[in-house]
Amino acid sequence: MPEIIEVEAYRRAISATEGRTIASVHAPDEWFAKGGTTTDALRSELTGARIEEARRIGKLVIVDTDGPRLGLRFGMTGKIVVDGAMPIDHLLYDSPRHEPAWDRFGLEFEGAGAMVLRDPRRLGGVQLDPDESRLGPDALSLTLGQLRTALGRSTAALKARLLDQQRLAGLGNLLADEALWRARVSPVREARSLDASETARLHRAIRTTLRVLDQRGGSHTGDLQPARVRGGCCPRDGAALRREQVGGRTTYWCPGHQI
């Protein structure tokens with residue numbers, strides 16, 4: 001699924017369209033337009049606009065134009081295709097097939113070239129002028145102080161707090177499980193319960209997880225990932241992993257060393 005690592009790869013691919021002018025907009029699905037945006041507005045406001053910059057905050061890509069800002073969200077199976085090429089051609093919960101109906105949104109450019117958002121499960125979306133202020137600090141540049149603030153005095157489960165994009169932008173289910181496993185901290189503890197040394201250890205684990213998994217090729221390449229199955233055992237100490245819902249997401253963790 002596209003988490004911050006994959007979405008950053010998408011942003012880099014989209015940056016190849018900077019300087020191009022949008023000739024036409026493919027927006028066939030009203031449901032895919034979010035936040036009060038309509039497909040008519042996408043077509044009327046983006047056609048003729050020039051792309052200036054592709055940015056990212058967490059799992060949101062913002063395409064700045066000389067008109068409106070375009071926000072792109074990718075859900076669980078959204079992928080970007082730029083000029084016929086995909087920076088990531090397969091995701092963990094994706095289908096290897098392609099159906100034309102899965103191309104939920106696209107831009108064609110003057111001269112040549114196109115950008116397409118392809119989403120088999122239709123869980124992503126596009127929006128004009130998204131509210132960037134609703135997102136927390138970006139996980140790729142997270143400081144220890146920002147992590148302390150994100151955890152705060154919350155009684156919510158630690159993993160739920162890490163997945164709250166208003167507190168910390170970019171971590172998804174796989175990255176959160178991997179970082180907590182590396183940090184040796186239980187995902188079900190109250191966020192406020194971490195002491196200073198545990199918070200510092202978690203911060204280091206988040207940064208290491210993002211760096212290492214990016215180098216390996218994606219959020220699905222963690223050390224814990226092969227054991228995230230029913231009956232799986234911890235790769236570190238061999239204990240049976242627990243599988244439960246935390247923050248509304250299926251969570252795997254080791255009761256042997258995550259305390």
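A residue is called buried when its relative accessible area is under 20%. In this predicted model, Cys 254 meets that description, as its relative accessible area is 0%. Cys 234 is likewise buried, with a value of 4%.

These two cysteines make a good starting point for a newcomer. A disulfide is a covalent bond between the sulfur atoms of two cysteines. To be counted here, the two sulfur atoms must lie within 2.5 Å. The cysteine sulfur closest to that of Cys 234 belongs to Cys 254, and the separation is 3.7 Å, so the pair is too far apart for a bond. Seen from Cys 254, the closest cysteine sulfur is that of Cys 234, again at 3.7 Å. The count of disulfides therefore comes to zero under the 2.5 Å cut-off.

Burial also helps to describe helix α3, which spans residues 144–151 and has Leu 147, Ala 150 and Leu 151 buried. Because these residues cover an arc of only 95 degrees around the axis, they sit on the same side of α3. Among the elements that cover them are α4 (158–163) and α6 (196–216). Just beyond the helix comes Gly 152, with a positive phi of about 50 degrees.

Turning to the strands, β3 (residues 60–65) and β4 (residues 69–73) run antiparallel and are joined by four bridges. A hairpin of three residues links β3 to β4, and Val 61 stands opposite Leu 72 of β4. Strand β4 is also joined to β8 (residues 125–128), in an antiparallel arrangement with four bridges. In this pairing, Gly 71 stands opposite Gln 127 of β8.

How values were computed. Residues numbered from 1 in each chain as written. Predicted model: local features only at pLDDT ≥ 70, side-chain atom pairs only at ≥ 80, totals over all residues. Heavy atoms only, no water. Buried < 20%, exposed > 50% of the residue type's maximum accessible area, 1.4 Å probe, protein only. Helix = DSSP H or I, 4+ residues; strand = E, 2+ residues; numbered from the N terminus. Arc of directions from axis to C-beta. Contact = heavy atoms within 4.5 Å. Pairing = 2+ DSSP bridges.
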